[in-house]
Amino acid sequence: GNGARDRLRIAIQKSGRLAEPARALLTACGLSWRESRDRLFCYGESLPVDLLLVRDDDIPGLIRDGVCDLGVVGRNVLLEQDIALKAGGGSEAFREWRPLGFGGCRLAIAVPETWAWQSQAQLAGTRLATSYPAILRQWLDGQGIAAEVVELSGSVEIAPRLGQADAICDLVSSGATLAANQLKPVMTLLESEAVLAGPSSATSGASGLDQATPRQPAFDGIWDDA
Ligand code: ATP
Ligand code: ZN
């Protein structure tokens, strides 16, 4: 929880694909900030809402630890860390509160263009490179496919050409990066976009922002014409 802190703290990506749209969204909500010299912390001026500018991968952990109340992060990152946490015996520590409508992409299996693709059964016995080992492992297990997961932190799309893997599981938006590496997407594991993330139980974090309590119309009769 946020203890005695009486200001809301939101973690967003410092630089990268979600950085500008996240700030634009919060600015459109009427928020403005004074930036610290190191550009890691933005002090809210119009409202008591501060920003922490971090790597996207750090956002779920900052929510879990109560350092931040909310975060803007890709569903892909949130799900990967959630599965990994639970696989390690942890309990749910953060969850998606709502989708935000930007940063759209999908996590997909891609194979060399030269493969004649028929079904996912062809993945049995292959090595799959990914930065999303927990999501991929869960999907493979669910499909009953025995394949090797090769975890790479970046440049996943060149792994087949380097001989590190036979195929990959990576984020795709336009597909241009895959095509440039002679790969083609064949299966979608996850449709992703930027989401507002918060603690799994609203009481442990941002008070008053409980998504589980739906807003009621102010007047019962307001929908009578419908
Ligand atoms: P950081 O330095 O914060 O760790 P990063 O390199 O991990 O940055 P970005 O490449 O900026 O992250 O991507 C952030 C998020 O943008 C992804 O996790 C994903 O949700 C979303 N995204 C949308 N389209 C794409 C895409 N084509 N490739 C990768 N990510 C995408
Ligand atoms: Zn990252």
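The following paragraphs go through the chain as a whole, its two domains, the ligand between them, and two residues in contrasting settings.

This is a predicted model. The chain is built from six helices and twelve strands. Of its 226 residues, 32% are buried. Among contacts in the chain with a separation of 6 or more, 64% join residues that are 24 or more positions apart.

The domain assignment divides the chain into domain 1, made of 8–103 + 193–201, and domain 2, made of 105–192. Domain 1 is thus written as two segments, with the second one, 193–201, following the end of domain 2 at 192. Taken over C-alpha atoms, the centres of domain 1 and domain 2 are 27 Å apart. Where the domains touch, ten residues come from domain 1 and nine residues from domain 2. On the domain 1 side of this contact, helix α3 (residues 75–87) gives the most, with seven residues. By class, that side of domain 1 has four nonpolar, three polar and three charged residues.

Next comes the ligand. Ligand 1 is surrounded by 15 residues, and the closest are G16, R17, G74, C105 and S173. The shell around ligand 1 comprises four nonpolar, seven polar and four charged residues. Because domain 1 and domain 2 both give residues to this shell, ligand 1 lies between them.

Two single residues show how the surroundings can be read at the level of one position. I10 is part of strand β1, which covers residues 8–13. Is I10 buried or exposed? I10 has 25 C-beta neighbours inside 10 Å, and the cut-off for a buried residue is 20 or more, so I10 counts as buried. Leaving aside residues up to four places away in sequence, I10 touches V49, L51, C68, D69, L70 and G71. I10 can also be placed relative to L196: the two are 186 residues apart in sequence, yet their C-alpha atoms are 9.6 Å apart in space. In the domain assignment, position 10 falls within 8–103 and position 196 within 193–201, the two segments of domain 1.

G163 sits in the loop between α5 (159–162) and β10 (167–172). Here the count of C-beta neighbours inside 10 Å is 8, and the cut-off for an exposed residue is 12 or fewer, so G163 counts as exposed. From C-alpha to C-alpha, G163 is 9.8 Å from R127, and 36 residues separate the two in sequence. Both positions, 127 and 163, fall within the 105–192 range of domain 2.

Note on methods:
Residues are numbered from 1 along each chain as its sequence is written. Chains are lettered from A and ligands numbered from 1 in the order in which they are written. This is a predicted model: local features need pLDDT of at least 70, side-chain atom pairs count only at pLDDT 80 or more; totals for chains, interfaces and linings use all residues. Domain bounds come from an automatic or database domain assignment. Two residues are in contact if their C-beta atoms, placed from the backbone, lie within 7 Å. Helices (H or I, at least four residues) and strands (E, at least two) are DSSP runs, numbered from the N terminus. Ala, Val, Leu, Ile, Met, Phe, Trp, Tyr, Cys and Pro count as nonpolar, Asp, Glu, Lys and Arg as charged, and the others, Gly among them, as polar. A residue is near a molecule or strand if its C-beta atom, placed from the backbone, lies within 6 Å of it.
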